[in-house]
Amino acid sequence: METRWKVPVLTQIILILMEYINLTPRFYSRDTLAYALANYVSGLSSWRAVLPHSTLLYYHRRLSYVKYAVPLSGVYAIDETKVRLVRGRYYYVWIVRDVKTKGIPFFMVTSVRSGVHVLVVLVNMSRAEEIAMRVFRRRIDKVIYLHDGATAYNAFSWLNVEHEKVTFNERDYAEQGFRSLKHRLASMDFHFPWNSNKFTITRWLSTFFLIYNILYTPTYLLDKGVIINVNISNE
């Protein structure tokens, strides 16, 4: 089972990224590396790529260091889902997705879920909003979070943050982000390798959501001062 992301499009996106971040492979051409990474991101096992397993994952990690910003409107859907390791241990992946711009400005990986993690989301989203307003020159006059009935989200009320419990259909904006992720994890039998940990999962997801954002919304590369705007709908 693969994502609906198409390898030719992903290859071009990765080539653009490699150009902007001056990523030049030592023993392979950029085209070969971009094609291998595109196949991996779309669902191919790293052991079946045209590059050695370790080489492919090395360059996949390199992409995780790219710093970027996406445009924000202030209307956010927040949700979390479980991902597991081979040995059955679970982690929670949280995402915040902008309902209007479709970008995912923040995600995190936690071993549990609680109201404290909602505070972590709010602190990081405040920073993301400051950057987005400066970069895209778009004011955010009002912020509201849409969420399901999980008890952790009661923290929004404690913190005096406007929020609304919504039905599944209204919350589908967040689910769309998870849908793409779950499509990708399907080829891994819905789990990460046995030796994964919070840090390595976060790093892997950093590359995944970088690609995700470039596909769905204008993405500003902070270190380069450029916007990549593919604007291809995959939903």
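Here are some short exercises, each with a worked solution, on the predicted model shown above.

**Exercise 1. Getting an overview**

Find how many helices and strands the protein chain has, and what share of its residues count as buried.

*Solution.*
- Step 1: Begin with the secondary structure, which comes to seven helices and nine strands.
- Step 2: Turn to burial. The protein chain has 235 residues, and 54% of them count as buried.
- Step 3: Look at the outside as well. The accessible surface comes to about 11,700 Å², and carbon and sulfur atoms account for 51% of that surface.
- Step 4: Finish with the contacts. Taking those between residues at least 6 apart in sequence, 61% join residues at least 24 apart.

**Exercise 2. Exploring the largest nonpolar core**

Work out which members of the largest nonpolar core touch the most other members, and which element gives the most to this core.

*Solution.*
- Step 1: The largest nonpolar core has 44 residues, and the members that touch the most others are Trp5, Leu17, Leu205, Phe209 and Ile211.
- Step 2: Now list the elements that give two or more residues to this core: the helices α1 (7-20), α2 (30-42), α3 (53-63) and α7 (198-216), together with the strands β2 (75-85), β3 (90-98) and β4 (106-110).
- Step 3: Of these, α7 gives the most, with eleven residues.
- Step 4: Zoom in on Leu205. Once neighbours within four places in sequence are set aside, Leu205 is in contact with Val93, Phe107, Val109 and Leu181.
- Step 5: There is also a second, separate core of 27 residues, whose members include Tyr76, Tyr92, Phe136 and Ala150.

**Exercise 3. Two helices and a threonine**

Decide whether α2 and α3 are roughly parallel or roughly perpendicular, then look at where Thr207 sits.

*Solution.*
- Step 1: The two helices pack at an angle of about 85°, and their axes are 10 Å apart.
- Step 2: Angles from 65 to 115 degrees count as roughly perpendicular, so α2 is roughly perpendicular to α3.
- Step 3: See which residues meet. From α2 come Leu33, Ala36, Leu37, Tyr40 and Val41, and from α3 come Leu56, Leu57, Tyr59, His60 and Leu63.
- Step 4: Next, find Thr207 in helix α7. Leaving out residues up to four places away in sequence, Thr207 touches His60, Leu63 and Ser64.
- Step 5: Residues under 20% relative accessible area count as buried, so Thr207, at 0%, is buried.

**Exercise 4. Following the salt bridges**

Locate the salt bridges of Glu19, Asp141 and Lys142, and say which residue each one pairs with.

*Solution.*
- Step 1: A search of the whole structure finds four salt bridges. Side chains of opposite charge can pair when their charged atoms come close.
- Step 2: Glu19 pairs with Arg30, with 2.6 Å from N to O. This pair links distant parts of the chain, since Glu19 is in helix α1 and Arg30 is in helix α2, eleven residues apart.
- Step 3: Check how open these two are. Glu19 is partly exposed at 48% relative accessible area, and Arg30 is partly exposed at 23%.
- Step 4: Asp141 pairs with Arg139, and their closest N and O atoms are 3.1 Å apart. Both Asp141 and Arg139 are exposed.
- Step 5: Lys142 pairs with Glu162 at 3.4 Å, N to O. Lys142 lies in the loop between α4 (115-136) and β5 (144-147), while Glu162 lies in the loop between α5 (155-158) and β6 (163-165), so this bridge ties together parts that are 20 residues apart in sequence.
- Step 6: Lys142 is exposed, with a relative accessible area of 51%, whereas Glu162 is partly exposed at 38%.

**Exercise 5. Spotting positive phi values**

Find the loops that hold Lys102 and Asn160, and give the phi of each residue.

*Solution.*
- Step 1: Keep a general point in mind: most residues other than glycine have a negative phi.
- Step 2: Lys102 has a positive phi, near 75°. Lys102 is in the loop between β3 and β4, and is partly exposed at 32% relative accessible area.
- Step 3: Asn160 also has a positive phi, near 60°. Its loop runs between α5 and β6.
- Step 4: Residues over 50% relative accessible area count as exposed, so Asn160, at 71%, is exposed.

Note on methods. Residues numbered from 1 in each chain as written. Predicted model: local features only at pLDDT ≥ 70, side-chain atom pairs only at ≥ 80, totals over all residues. Heavy atoms only, no water. Core = buried A, V, L, I, M, F, W, Y, C linked by side-chain atoms within 4.5 Å. Buried < 20%, exposed > 50% of the residue type's maximum accessible area, 1.4 Å probe, protein only. Helix = DSSP H or I, 4+ residues; strand = E, 2+ residues; numbered from the N terminus. Contact = heavy atoms within 4.5 Å. Salt bridge = Lys/Arg side-chain N within 4 Å of Asp/Glu carboxyl O. Areas by Shrake-Rupley, 256 points an atom, 1.4 Å probe, with all protein chains shown as cover. Axes fitted to C-alpha atoms, helices over the stretch in contact; angles between N-to-C directions. Parallel < 35°, antiparallel > 145°, perpendicular 65-115°, else oblique.
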